[in-house]
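I opened a new page for this structure and will note each thing as I look it up. The entries are short and follow the order of my looking.

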Amino acid sequence: MLERSSTGRAEVEAGGVQRVALTIQEDAVIEGATAILQVIRPHWSPNSVRFKLFTDGITNKLVGCFNQPQAGPDESATPEPEDVVLIRVYGNKTDMLIDRCKETENIQLLHRHGYAPALYATFNNGLAYEYVPGVTLTPTTVKCDRVWPLIARRMAQMHKVRPEDGTRNGTPTEPVPALPGKIEQLLRLVPDRFTDPLKDTRVRKVFPDVVALRTEFDDLYAQLLQKHSPVVFCHNDLLLGNVIYDERRECVTFIDFEYAAPNHQAFDIGNHFTEFAGIDEIDYNRYPTREFQLRWLREYLSEYSGDVSEGTVQSLYVQVNQYALASHFLWAVWALIQAEHSTIDFDFVQFGTTRFLEYRRRREEFLALCFTD
């Protein structure tokens, strides 16, 4: 069930992160997590560890590992866990889409700034990292007045981070936005024909061929570039399950930096707004209203630049909604690849269809938005 290297030993990578030569099979996550813990938490007693499988993700498998000694005879309740480790197992063939070395660098970079959990170890098809207390968001809580300002400010803080490889000979270099390259990468991976004939039929009813998709995106992106959204360090996948809210500490933490990279500021915000619709039961009536967006953007700008003038806010509002179109387009194409390769029990064709149709429905409306000083 587990695949090890010939040595079976861990090595220490840059930044003090352990590298474990082990592969966890998707049907043996608990067994694999136990093997990882033997390396990174050798002092844990096997009898004190309990596991919890999380189901929020649709591409990876996640297990929480809790070191929770049994209550003593005089204790009325089981004590709180002394230590918690999260172990994430990558989905099948996701390495085609994601640069795992860059993901590790992103987590370490953001952790140094206090914006990401600590990374404990990597293994052949996943990683182990710090558990962050709190709950993931829902379409309701993401709009709560005690929550959304925290998200807006944290995103602004992350957007001000400068990757360490962003200089050459001590001189800052212009970051390259990830969006066009990621779209091209995805389009190259869309199968000519899906292995499952039913999926193939469903896809062809909605999506044009890859040549037409590429032409359509090129036209969209050409129009988006005219809005001059700055390139900043983005999360690029801030869905509700990737935001942890801790009510006790009144803070939020972002997780899962698989797609983090320099990108257009407005894409990151617009992508987050599209996720208000949810995943399991997508409802685009939940897309935030103009009034809500303007409040959110003022909070964001107060942290990002301090410029909350009406012109700046309105200009960003136009950019964000237009880049939301690119978000729909990207995740629709992404879903086609997942539909072919993922072993997760999820209807990726339906997900991709829903996002592509929403992109088409909103395209003319959002591209018509404009702001004049």
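How exposed is N124, buried, partly exposed or exposed? I looked it up in what is a predicted model. N124 is partly exposed, with a relative accessible area of 38%.

**Entry: N124 and T23**

I placed N124 in the loop between β8 (119-123) and β9 (126-130). I then listed what its side chain touches. It makes a polar contact with the side chain of R19 at 2.9 Å, and another with the side chain of T23, also given as 2.9 Å. T23 sits in strand β4, residues 22-24. Unlike N124, which is partly exposed, T23 is buried, because its relative accessible area of 16% falls under the 20% limit. I also checked the backbone of this pair: N124 and T23 are 101 residues apart along the chain, yet their C-alpha atoms are separated by 5.1 Å.

**Entry: positive phi**

I next looked at backbone angles. Most residues other than glycine have a negative phi, so I noted the exceptions that I met. H228 is not a glycine, and its phi is positive at about 55°. I found H228 in the loop between α6 (210-225) and β13 (231-234). H228 counts as exposed, because its relative accessibility of 65% is over the 50% limit.

E250 is another residue other than glycine with a positive phi, near 55°. Its place is the loop between β14 (243-246) and β15 (251-254). E250 is exposed as well, with a relative accessible area of 60%.

**Entry: helix α10**

How far does α10 reach from its first C-alpha to its last? I read 27 Å for this helix of 20 residues, 348-367, which is close to the 28 Å expected at 1.5 Å a residue. I also looked for bends and found a kink of about 35° centred on R361. At the start of α10, I noted a side-chain oxygen of D347 that reaches to within 3.4 Å of the backbone nitrogen of V349.

**Entry: salt bridges**

Side chains of opposite charge can pair when their charged atoms come close. I looked up the count for the structure, which is 24 salt bridges. I followed three pairs.

The first pair on my list is R41 and D83, whose side chains meet at 2.6 Å, N to O. R41 is in the loop between α1 (29-40) and β5 (49-54) and D83 is in strand β7 (residues 83-89), so this pair ties together parts that are 42 residues apart in sequence. R41 is buried, with a relative accessible area of 12%.

Next I took D200 and R204. Their closest N and O atoms are 2.7 Å apart. Where do D200 and R204 lie? Both are in helix α5 (residues 197-206), four residues apart, which is about one turn of the helix. I compared how open the two are to the outside. D200 counts as buried at 6% relative accessibility, whereas R204 is partly exposed with a relative accessible area of 45%.

The last pair I followed is D256 and R88, with a salt bridge of 3.3 Å, N to O. This pair links distant parts of the chain: D256 is in the loop between β15 and β16 (261-264), R88 is in strand β7, and they are 168 residues apart. D256 and R88 are both buried. I then asked which residues join them in a network of salt bridges. The network links R88, R100, E103, D256 and E258.

**Entry: cavity**

Rolling a probe the size of a water molecule over the atoms shows where empty space is left. How many cavities of 30 Å³ or more does a search of the whole structure find? The search finds one. I noted a volume of about 50 Å³ for the largest cavity. Its lining consists of R88, I107, P117, Y129, I255, D256 and F257.

Two names here were already in my notes: R88 and D256 line the largest cavity, and R88 and D256 also meet in a salt bridge. I marked both residues on my page and closed the entry.

Definitions and conventions
Residues are numbered from 1 along each chain as its sequence is written. This is a predicted model: local features need pLDDT of at least 70, side-chain atom pairs count only at pLDDT 80 or more; totals for chains, interfaces and linings use all residues. Side-chain values use heavy atoms; hydrogens and water are left out. Helices (H or I, at least four residues) and strands (E, at least two) are DSSP runs, numbered from the N terminus. Buried means under 20% relative accessible area, exposed over 50%, partly exposed in between (1.4 Å probe, protein chains only). A polar contact is a pair of N or O atoms within 3.5 Å; within protein, one must be able to donate a hydrogen and the other to accept it, and residues adjacent in sequence count only if both atoms are side-chain atoms. The expected span of a helix is 1.5 Å times one less than its number of residues. The bend at a residue is the angle between axes fitted to the seven residues ending there and the seven starting there. A salt bridge is a side-chain nitrogen of Lys or Arg within 4 Å of a carboxyl oxygen of Asp or Glu. On a 1 Å grid over the protein atoms alone, a cavity is a set of points where a 1.4 Å probe fits but cannot get out, and a pocket is an open set with protein on both sides within 12 Å along at least five of seven lines; lining residues have an atom within 4 Å of a point. Grid points are joined across faces, edges and corners, and a volume is the space filled by probe spheres set on the points.
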